[in-house]
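User: Please take a close look at one part of this model, the nonpolar patch on its surface. Then carry on to the surroundings of the ligand.

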Amino acid sequence: MPTKIEKDSITGRETTGHEWDGIKELNTPLPKWWLWVFYATIAFSVLWMILYPALPIPGATGLTGWTARGALPAQLEAARAAQAPILSRIAELEPEAIAADPQLRAVAMAGGRAAFATNCAGCHGAGGEGRPGGYPALGDDHWIWGGSFEAIRFTIRHGIRNQEDAEARIGAPMQAYLTTGQLSRAQIQDLVQHILSYTGRATDRAGAERGAALYAEQCASCHGERGEGNRDLGAPPLNTRIFVYGGDAATLFASIAYGRAGVMPPWAGRLDAATINMLTVYVHALGGGERE
Ligand code: HEC
Ligand code: HEC
């Protein structure tokens, strides 16, 4: 305990009683205002701990009973109420009109992106880039069934070749030409060469020519005279390098030999009208949206 507290003759203040080699320390207390603010913060923190959930004990709530989790439903409710008018407009309008209105379009793009991640990305890829084995890319302008707002919405609503929706897109069947015995292996090889020749990739010219004759007889009715495809029948174009199942010789052979029947589920019963419209605007904007 310092005992030699005395008055400093120069400043007139008291010393702390400490002295080192003749040097004495002045007692300079903290300003009163500072101390009171400090005590106030301590009082505030104690009060806060009593009123609000501050202790790391599961289920501890404090006297007010308030918790962040408990407040969430009301906040969500408020957010939903704020969104309701805009969502009901999105549900009523045609996707084309939504896309033309900057404010509605912004909401539809954000909502469409979220709904796509939840419902569609598993098959079509996170960014709609498609997946090998029959899940088409949605961001290019290569469409099987159509890329207009109306065509996209119809596909989403009713799906493709599923059993659940009576209006599902059915088109015409791509048969298994080898399994059913309609074509021989050699004939299918020729057809593959013919399809490859559309994009300058044929390796067997004579085969490609024989294939052209077969194609005109057997395939043109669905896939078009020059492989341009037919959307009413759901027959994809064969004259580009973009394929649903694959454009290499082996995969083309498999498509023709064993047939194809891609299935997509319908969404009309699972997603509400606003969500389907938002998805339509989003998919249309991925890159390949068509005006008509
Ligand atoms: C279970 C897998 C699966 C899911 C989930 C799925 N799709 Fe598909 N979708 C497919 C398949 C397979 C096709 C191609 C069918 C065919 O061969 O014609 C397709 C085709 C499409 C097409 C037509 C493409 C074209 O070229 O005409 C659109 C548009 C589409 N899907 C959108 C969606 C959207 C939007 C969702 C989410 C709401 C979704 N799909 C969810 C499997 C799926
Ligand atoms: C009755 C209509 C019809 C006829 C005839 C037909 N196709 Fe198809 N073809 C389709 C349909 C529909 C699909 C798409 C199936 C799917 O998406 O699951 C398809 C898919 C294909 C594919 C896969 C395309 C891709 O993008 O991966 C190839 C290759 C193909 N057909 C070749 C042929 C050849 C060669 C012939 C003639 C021997 C032929 N098709 C005859 C309807 C037809």
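Analyst: A nonpolar surface patch of about 1200 Å² is built from Leu30, Trp33, Trp34, Trp36, Val37, Phe38, Tyr39, Ile42, Val46, Ile50 and Leu63. The model is predicted. Take one member, Ile50. Ile50 sits in helix α1, which covers residues 32-51. Ile50 has a relative accessible area of 43%, so Ile50 counts as partly exposed. Patch members need over 30% relative accessible area, and the 43% of Ile50 therefore passes that cut-off.

Now the ligand. The surroundings of ligand 2 comprise 27 residues. Met174, Cys219, Cys222, His223 and Tyr245 come nearest to ligand 2.

Backbone atoms also approach ligand 2. Val244 has a backbone N or O atom 2.7 Å from an oxygen atom of ligand 2. For Gly262, a polar backbone atom lies 2.7 Å from an oxygen atom of the ligand. For Ala261, the distance from a polar backbone atom to an oxygen atom of ligand 2 is 3.5 Å.

Which elements give two or more residues to the shell around ligand 2? They are α7 (185-197), α9 (220-223) and α10 (249-258). Helix α10 supplies the largest share, 3 residues.

What is the make-up of the shell by class? Around ligand 2 there are 19 nonpolar residues, 6 polar ones and 2 charged ones. Among the nearest residues is His223. Residue 223 also falls within the span of α9 (220-223).

Terms used. Residues numbered from 1 in each chain as written. Chains lettered and ligands numbered in written order. Predicted model: local features only at pLDDT ≥ 70, side-chain atom pairs only at ≥ 80, totals over all residues. Heavy atoms only, no water. Near = heavy atom within 4 Å. Polar contact = N/O pair within 3.5 Å; in protein donor to acceptor, adjacent residues only side chain to side chain. Helix = DSSP H or I, 4+ residues; strand = E, 2+ residues; numbered from the N terminus. Nonpolar A, V, L, I, M, F, W, Y, C, P; charged D, E, K, R; others polar. Patch = residues over 30% accessible without salt bridge, like charges linked within 9 Å, V, L, I, M, F, W, Y side chains within 5 Å. Areas by Shrake-Rupley, 256 points an atom, 1.4 Å probe, with all protein chains shown as cover. Salt bridge = Lys/Arg side-chain N within 4 Å of Asp/Glu carboxyl O. Buried < 20%, exposed > 50% of the residue type's maximum accessible area, 1.4 Å probe, protein only.
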